Structure formats: structure tokens, C-alpha cells
Amino acid sequence: MPIIADRMSAIKPSPTMAVTAKAGELKAQGVDIIGLGAGEPDFDTPDHIKEAGKAAIDAGKTKYTPTNGIPELRQAVVDKFKRENDLTYDVSQVHIGVGGKQVLFNAIMATLNAGDEVIIPAPYWVSYPDMVLIAGGKPVFVECTEDEQFKLSPEKLEATITDKTKWLILNSPSNPTGAAYTADDLQAVADVLLKHPQVWVMTDDMYEHLVYDDFEFKTIAQVEPNLFDRTLTINGVSKAFAMTGWRMGYACGPLDLIKAMNNIQSQSASHTSSMTQYACLEALNGPLDFLPERNAVYKERRDIVVEMLNQAEGINCLTPEGAFYVYPSIAGCIGKTSKGGKKIATDSDFVTALLEEEAVASVQGEAFGLSPHFRISYATSTDALKEACTRIQLFCANLT
Ligand code: PLP
């Protein structure tokens, strides 16, 4: 009898791993690789938040906490949703997990029966489909093209909903495209959902604070209060607060759902670390004055990258509203051959040849469910970005 469970056969290892491994190999050989693959801010956690974490350790806050977090942190989450999103929750409706990733996982595990369908607009964050598969559900993809600014149209949503649809996952601003939904975009999606009361919405708002050019962030339950009772609003500290390693994410939603998510967590991780919770208390209640400065840097980098990529032959790059990614099309490069003799038939070929020949690491669009594209994270130094884009231009100019 095999030791590995049947459910594992549906799950693939992280698709970004092959490129990361190859980049690591080349780096070890002394090649000057520029890594644009990581979905992680290059900024540090702000000092006042670090201090709160340190103080918690010194004060002996090093023991178990309630599964759903210390009461002060739950209250801080309630206050954040009220203050920033005009959403009113009770503290009992707060779930706190080990990163946004675990919150999503808990929600999916707590709700899917075998064969339940989850609509995932593509391109998508790589973990959504595999989480659905682990839970025995069925991911249903809807391609949202560059012409649609990578956003789900009401027509496509309507055509994808079936009796088995349990969730729609929304992610705005998006990883991997940076595209963000306006209030009008969300209303159009909501109008379809109002006709299908069996469909719930899981909105992943991890990049809420990383928006540029005066884009006004909105979340779906705020735009359409009639969806409030079937929306799980997920957020976290990893991206805006540069706290990826602290591991904390949170969500609010209907009480039964939150209780089920808490139950799953009580039988797995128990809770996120106690000192992390105190640092997050400071993140949520403390000043956000570090953000405009950081966002100005991100915006400058975004503009440089978009401009330089659009100068590369065969590449077309939209200007995204938020996050720290761009998702350029390489349709104009497909069918060509690189300087090193590699035939570019897919975006994986493109990314591999770019790494081998120009030492730039990025991620193929295939990993995110929409080709031919590739993802670049611009959460890295401006100089490195300029150099990487120059190398990409050279790579494209040498395609024949
Ligand atoms: N959701 C999206 C869209 C992400 O890009 C990420 C991280 O890359 C997460 C969730 C998970 O974040 P965390 O590090 O808090 O688990």
C-alpha cells in the first residue's frame, strides 16, 4: 500500500520552483543573476512594529494564545475593517491565521465538499487551484485577458456559474498582474452574484495598500452590502507592512464560517505565534506614514519597468494599478529563436532562455494560468530593475 495519500496526486509542486532552482544553480556558479521572481517586498518591517514584537518577547508573551488570536488583535481587525473599508463586524467574526495563505486554506478546507466548484479568474495566484484540489473541490478557471485588463467580466462570470459553484475567488490588486477592480468593476461582478444566492465570495485583499496614481481601493462587500452575508474578506500584513516572515493573515465573515475555520486551525497550527500577534497589533493600530514613501518608490519602479519593457521588441506591458508585479505579454516573441539557439514556443521557453542567456530570473505565465506572458516582481532595487530591463531588451532584440 503506498504511503502517500491519493489526494496528493492532484497537487503539483510550486511551479515557480524550477526557475528558482535553476537561478540558484547559476548563482552558485558565479553568474550575476538578477532575481525578479520573488513576491516579497525588499523593504524591511517598520521599526515600530519590530519593537512591538521584541517587547512582547521581553514581557513574556511567549505562551499559547486563543486559536483566533489575542482579543486586542481581534478588536484591531474589527477596527481596521470599520475604519478603512466601512465594514462592520463583531470580534467573534474575526479569524486570525498563520499568513494570508493559511487563512485561505482554512476557508477552503472548512467549506468544500467533493466536487464543489470554485471559480478562479486566471491569471491567478498559484496556490488557489491546489488548495481547492487538496480539499477535493474542482477549480474552474475563467481566462481574463490583457484586452480585459486581466479582470473578470460579468458576462464571463455568468457563463461560468453552475449549480455546483460554491465560491468565487477575487484578488484585487492581483498577483500576478497588479490589476485592481474599481468600485464599478466590483458592482458589475456583484450584480451577477446577486442572481445566484448559492455562490459565496472569497476576496483576497492582501495588496490593498499597494495602489498607485490615486487609485481608490474598494472591497466587494463594501460596494454591495447585499453580499455581506456571503463574503469572506481576507487581508494580512505580509505585503504592505513588509512582514512576510512574521506569518499573520486575517479574515472576517459570517460567524458559522469563521467558527469552522477556527476549528480547523485549532486542530492544526493552533494559532500564529504570540509575539507576531503583538507586532501585528502595532501594525494595525499604529501609524501608516511609512506607506506613501514606499508606494512612491514602488510607483517609480513600476513606471520604469513598464516603459522599458514596452521598448522591448515583441513585448506589450499594461500599467497595473497596484501590487508590485507586471504581467507583460510576449505574444510577439513566440515562434522566434534566441541568440543561444532556443526556440521560443511557450512562455516557459522564454523565461528559461532569458535566465540562461541574460541571467534574469522571472516566472512563466503558464504558472498563473494565462499564456503567453511572464511575471516580473519589481519589489527590488531600482538599479537592478533597470539593468534587468536592459537585459530583457537585449534578449528580445536578439530574437530572430
Ligand atoms: N494572496 C496573494 C494574492 C499573495 O500574493 C500572497 C503571497 O504571495 C498571499 C495571499 C499569502 O500571503 P502570506 O504571506 O500572508 O501567507
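Here is a short walk through the ligand site and the largest cavity of this predicted model.

Before you click, note that residues are numbered from 1 along each chain as its sequence is written. Local features need pLDDT of at least 70, side-chain atom pairs count only at pLDDT 80 or more, totals for chains, interfaces and linings use all residues, and side-chain values use heavy atoms, with hydrogens and water left out.

**Stop one: the ligand.** Select the ligand and the 13 residues around it (near means a heavy atom within 4 Å). Gly 100, Asp 204, Tyr 207, Ser 238 and Lys 239 come nearest. Now show side chains: a polar atom of Tyr 207 sits 2.7 Å from a ligand oxygen. Ser 238 has a side-chain N or O atom 2.7 Å from a ligand oxygen, and for a polar side-chain atom of Arg 247 the distance to a ligand oxygen is 2.7 Å. The protein covers 92% of the 400 Å² of accessible area that the ligand has on its own (Shrake-Rupley method, 1.4 Å probe).

Next, colour helix H4, residues 99-111: with three residues, H4 gives the most to this shell (helices are DSSP runs of H or I, at least four residues).

**Stop two: the largest cavity.** Select Pro 121, Pro 123, Tyr 124, Asn 171 and Ser 174, which lie nearest its centre among 14 lining residues (on a 1 Å grid over the protein atoms alone, a cavity is a set of points where a 1.4 Å probe fits but cannot get out; lining residues have an atom within 4 Å of a point). Then add strand E5, which supplies three residues, the largest share of the lining (strands are DSSP runs of E, at least two residues).

Note on methods
A polar contact is a pair of N or O atoms within 3.5 Å; within protein, one must be able to donate a hydrogen and the other to accept it, and residues adjacent in sequence count only if both atoms are side-chain atoms. On a 1 Å grid over the protein atoms alone, a cavity is a set of points where a 1.4 Å probe fits but cannot get out, and a pocket is an open set with protein on both sides within 12 Å along at least five of seven lines; lining residues have an atom within 4 Å of a point.
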